[in-house]
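This report describes a predicted model. The sequence and the structure are shown below, and selected features are then taken in turn.

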Amino acid sequence: MNVPKEMNRYCPKCKTHTLQKVALYKAGKRRGSAIGERRHEEDKKGYGGQKFPKLAKPAKTTKKQTLIFTCPQCKKKTNKHGIRLRKLELVA
Ligand SMILES: [Zn+2]
């Protein structure tokens, strides 16, 4: 699906429509020092270490794509709920 780089969209902070910049959401880098990561690493150690089965055949063939809209006036960011797409492209 082709998505324009700029869209006229409602801003909840300005309470009007503004021409907003569109970006694609990307998950942040995982921190190895986070408590969940450390605990999981500890759980996986030793005999019978894998605590839950690794997905051999994932049911979904696509990922949910989330769009981030940024208002140029107040810099407020709003997300559009994720839509399942094979391919998403930002076009001018
Ligand atoms: Zn705004």
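## The hairpin and lysine 15

In the hairpin formed by strand 2 and strand 3, which has 4 residues between the strands, lysine 15 adopts a positive phi near 60°. Lysine 15 belongs to the loop that separates strand 2 (6-11) from strand 3 (16-24). The relative accessibility of lysine 15 is 61%, and the residue therefore counts as exposed, the cut-off being over 50%.

A further value relates lysine 15 to another part of the chain. From C-alpha to C-alpha, lysine 15 and aspartate 43 lie 49 Å apart in space, with a sequence separation of 28 residues.

## Strand pairing

The two strands of the hairpin, strand 2 and strand 3, are antiparallel and are paired over 6 bridges. Within this pairing, tyrosine 10 stands opposite histidine 17, a residue of strand 3.

Strand 3 also pairs with strand 4 (residues 63-70), again in the antiparallel sense, over 4 bridges. Here valine 22 is the residue opposite phenylalanine 69 of strand 4.

## The zinc site

Four sulfur donors coordinate the zinc ion: the SG atoms of Cys11, Cys14, Cys71 and Cys74, at 2.2 to 2.3 Å. The angles that the 4 donor atoms subtend around the zinc ion are 105 to 115°. The arrangement is therefore tetrahedral, since four donors count as such if all angles lie between 85 and 135 degrees.

Along the sequence, the donor residues of the zinc ion follow the spacing C-x2-C-x56-C-x2-C.

## Accessibility of the cysteine ligands

Is cysteine 11, a ligand of the zinc ion, buried or exposed? With a relative accessible area of 1%, cysteine 11 is buried, because the value falls under 20%.

Cysteine 14 has a relative accessibility of 26% and so counts as partly exposed. Cysteine 74, with a relative accessible area of 22%, is likewise partly exposed.

## Disulfides

A disulfide is a covalent bond between the sulfur atoms of two cysteines. How many disulfides does a search of the whole structure find? The search returns 0 disulfides. The sulfur atoms of Cys11, Cys14, Cys71 and Cys74 instead appear in the model as donors to the zinc ion.

How values were computed
Residues numbered from 1 in each chain as written. Predicted model: local features only at pLDDT ≥ 70, side-chain atom pairs only at ≥ 80, totals over all residues. Heavy atoms only, no water. Donors = N, O, S within 2.8 Å, 3.2 Å for Na, K, Ca; no water. Tetrahedral: all angles 85-135°; square planar, octahedral: opposite > 155°, others 65-115°. Buried < 20%, exposed > 50% of the residue type's maximum accessible area, 1.4 Å probe, protein only. Pairing = 2+ DSSP bridges. Disulfide = S-S within 2.5 Å.
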